[in-house]
2 protein chains.
Amino acid sequence: MAALFINPHEDPAPWRAALKRRIPDLEFRVWPDVGRAEEVEFAFCWKPAADSLEGLPNLKVLFWLGAGIDWLLEHRARVPDVRIVRLVDDALTACMTEYVVLHVLRYHRSQPQLDLQQSQQLWADLPQRLPWNRTVGLMGLGVLGTDAADKLKALRFKLAGWSRSAKTLPGVECFHGDDGLVPFLNKTEILVCLLPLTAQTRGIINARTLGALPRGAFLINAARGGHVVVEDLLAALDSGQVAHATMDVFEPEPLPVGHAFWRHPRVTVTPHNASLTDPEFSLAVVADNIARYRRGEPMVNEVDMAREY
Amino acid sequence: MAALFINPHEDPAPWRAALKRRIPDLEFRVWPDVGRAEEVEFAFCWKPAADSLEGLPNLKVLFWLGAGIDWLLEHRARVPDVRIVRLVDDALTACMTEYVVLHVLRYHRSQPQLDLQQSQQLWADLPQRLPWNRTVGLMGLGVLGTDAADKLKALRFKLAGWSRSAKTLPGVECFHGDDGLVPFLNKTEILVCLLPLTAQTRGIINARTLGALPRGAFLINAARGGHVVVEDLLAALDSGQVAHATMDVFEPEPLPVGHAFWRHPRVTVTPHNASLTDPEFSLAVVADNIARYRRGEPMVNEVDMAREY
């Protein structure tokens, strides 16, 4: 059995490698090298050329490599009558939210200190804060920030949010732009960075902004290494202005052996795994659905062309 | 200013100690030793004797030390016309859910392994699982289990639940009784114990039940130390049947220095702080409300006698 990659817009090589790791028994072919067409069971497809979906008599599932199916609806006549699954970056969002919630709770509940106490065989209570008296500040209020806010709200944290342009999110005190940054930071006890990296946001986590946080605040950076001015963060950690930082992203990556972050007692380093990235992540979702298909279970995010989603 | 404790059903000593720590400027008095009645600003009250709420001309807030206000409604005539706040164990529930979510995510995202990698300055990806392909099994489906299930569901985990008697929870595959235990454990990759400790549940986490988990499962015990047969858990950890265990509760407590759990590389020990317990916890809530009252902010769980809740 084979999978046919029909995506003129993307390099097939990482897809081939990921598929080989995840479903070694499935042959990977790249259109127009279809090979024996009757062996093609699955298509991984994005905006295909006019006739590329024709002549596949045993095609069972078309994996659409995008969330929106507007192209498919526009080109209905060309779409074969097979099961269709769209790629929702649900997984990416869910993973990022897991990361944010995990590390917010780790700080909120003093887990790094509890780990230290365990290493000393010390049984001692630490002052516990109620979540509705603890403010988590989210920088970046797109899909990721919004989803993280929802889950943190359910856990009853107080939430503040900051974005370049004005946004409103229910249950989140929203700030924006240059003028909103310091007031936002002034209330933020656990700062989570989920910003896109642009000329305007590069180096946004620096001496000035870290200094605007309440003393002993926590930092979680799951965005890009370029958001952080490393020397400023190290100084803020050493002075106690920042109590602890968790970072998933660095410049460069991998974080070089010997870098101060690796061994800093108040830094947690994760290897840029907060969320999976394409095509590794996409193939995880596709492979999961192929496994579900093979077991006769419902696939996740199957498209109903009649309902148009 | 003073607070008057009017609760013939409970020892006032731990309340006095907790209040002294949290609000040192507030004098603690125990009914019937009212002292100068005009100094009494707050009452901490549960099913008071007939006349104990009379003659307090400056009483501002009556903190009812229970969630249900049926007694107050029945005895309206005796209840002074002051603000009334009921004690909801929201805080207890929220804290327990935090603990469960934190440690489930810690395991789901391989954080103990990532901590180890950091100590080796090793940048390496670990296989990541999607939450909807990971089953968390909750033992105990009361208020705490239900709330934890809600939050884990929002994070998109697959959920199984087990209780002594049959229960149904939306989105949770529920099992019950002796017959349901092994089928429940067979699907559970992260086992969370929130059971009450009874003759029937003592020692429920033992060689037989741990052996019914899929190999490499995780255990989180936030219930009581008596649920776990220590030797059986240590054997399961050593054989790899259980990959890692997090425990908040032990027999006896504090966990003695030198106990195998303290230094076990695959055990996390927390000092019975998953959730705060009365009166420490209750006073945290009351003190928070007193602080809010003093700042002129709305109090949490203020009662509306007209709406009857």
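Is Q241(B) buried or exposed? The first legend answers this, and all views show a predicted model.

**Figure 1. Surroundings of Q241(B) in the loop between α8 (230–239) and β11 (242–247) of chain B.** Q241(B) is buried. Its relative accessible area is 14%, and the cut-off for buried is under 20%. Leaving aside residues up to four places away in sequence, Q241(B) touches L210(B), G211(B), L213(B), P214(B), R215(B), G216(B), A217(B) and A236(B).

**Figure 2. The two sides of helix α1 (residues 13–22) of chain B.** W15(B), A18(B) and L19(B) are buried in this helix. These residues span an arc of only 100° around the axis, so they lie on the same side of α1(B). An α-helix has 3.6 residues a turn, so residues three or four places apart point the same way. K20(B) and R21(B), on the other side of α1(B), are exposed. The cover over the buried residues of α1(B) includes three strands of chain B, β1 (2–6), β2 (27–30) and β3 (40–45). It also includes α10 (280–295) of chain B.

**Figure 3. The interface of chain B and chain A.** The two chains bury about 5,100 Å² between them. Carbon and sulfur atoms account for 60% of that area. Chain B brings 55 residues to the contact, and chain A brings 56 residues. There are 22 residue pairs in polar contact across the interface, counting pairs with both residues at pLDDT 80 or more. On the side of chain B that touches chain A, the elements giving two or more residues are α3 (90–108), α4 (111–119), α5 (143–154), α9 (260–263), β12 (267–269) and α10 of chain B. The largest share of that side comes from α3(B), with 13 residues. By residue type, the side of chain B that touches chain A divides into 27 nonpolar, 16 polar and twelve charged.

**Figure 4. A salt bridge between R109(A) and E98(B).** The rule finds two salt bridges across the interface of chain B and chain A. In the pair shown, the closest N and O atoms of R109(A) and E98(B) are 2.9 Å apart.

**Figure 5. A salt bridge between two loops of chain A, R129(A) with E189(A).** The closest N and O atoms are 2.5 Å apart. R129(A) sits in the loop between α4 (111–119) and β6 (135–139) of chain A, and E189(A) in the loop between α6 (177–187) and β9 (190–193) of chain A, so the pair ties together parts that are 60 residues apart in sequence. R129(A) counts as partly exposed, at 31% relative accessibility. E189(A) counts as buried, at 18%.

**Figure 6. A salt bridge between R202(A) and E251(A).** Here the closest N and O atoms are 3.1 Å apart. The pair links distant parts of the chain, 49 residues apart. R202(A) lies in the loop between β9 and α7 (207–212) of chain A. E251(A) lies in the loop between β11 (242–247) and α9 (260–263) of chain A. R202(A) counts as partly exposed, at 46% relative accessibility.

**Figure 7. Further salt bridges of chain A, including R295(A) with E297(A).** The side chains of R295(A) and E297(A) meet at 3.0 Å, N to O. R295(A) is exposed, with a relative accessible area of 52%. E297(A) is partly exposed, at 33%. Elsewhere, E27(A), R29(A), R36(A), E38(A) and E39(A) are linked in a network of salt bridges. Over all chains, the structure holds 30 salt bridges.

Note on methods:
Residues are numbered from 1 along each chain as its sequence is written. Chains are lettered from A and ligands numbered from 1 in the order in which they are written. This is a predicted model: local features need pLDDT of at least 70, side-chain atom pairs count only at pLDDT 80 or more; totals for chains, interfaces and linings use all residues. Side-chain values use heavy atoms; hydrogens and water are left out. Buried means under 20% relative accessible area, exposed over 50%, partly exposed in between (1.4 Å probe, protein chains only). Helices (H or I, at least four residues) and strands (E, at least two) are DSSP runs, numbered from the N terminus. The arc is that of the directions from the helix axis to the C-beta atoms. Contact means heavy atoms within 4.5 Å. Buried area is the accessible area (1.4 Å probe) that two parts lose on being put together, summed over both. A salt bridge is a side-chain nitrogen of Lys or Arg within 4 Å of a carboxyl oxygen of Asp or Glu. A polar contact is a pair of N or O atoms within 3.5 Å; within protein, one must be able to donate a hydrogen and the other to accept it, and residues adjacent in sequence count only if both atoms are side-chain atoms. Ala, Val, Leu, Ile, Met, Phe, Trp, Tyr, Cys and Pro count as nonpolar, Asp, Glu, Lys and Arg as charged, and the others, Gly among them, as polar.
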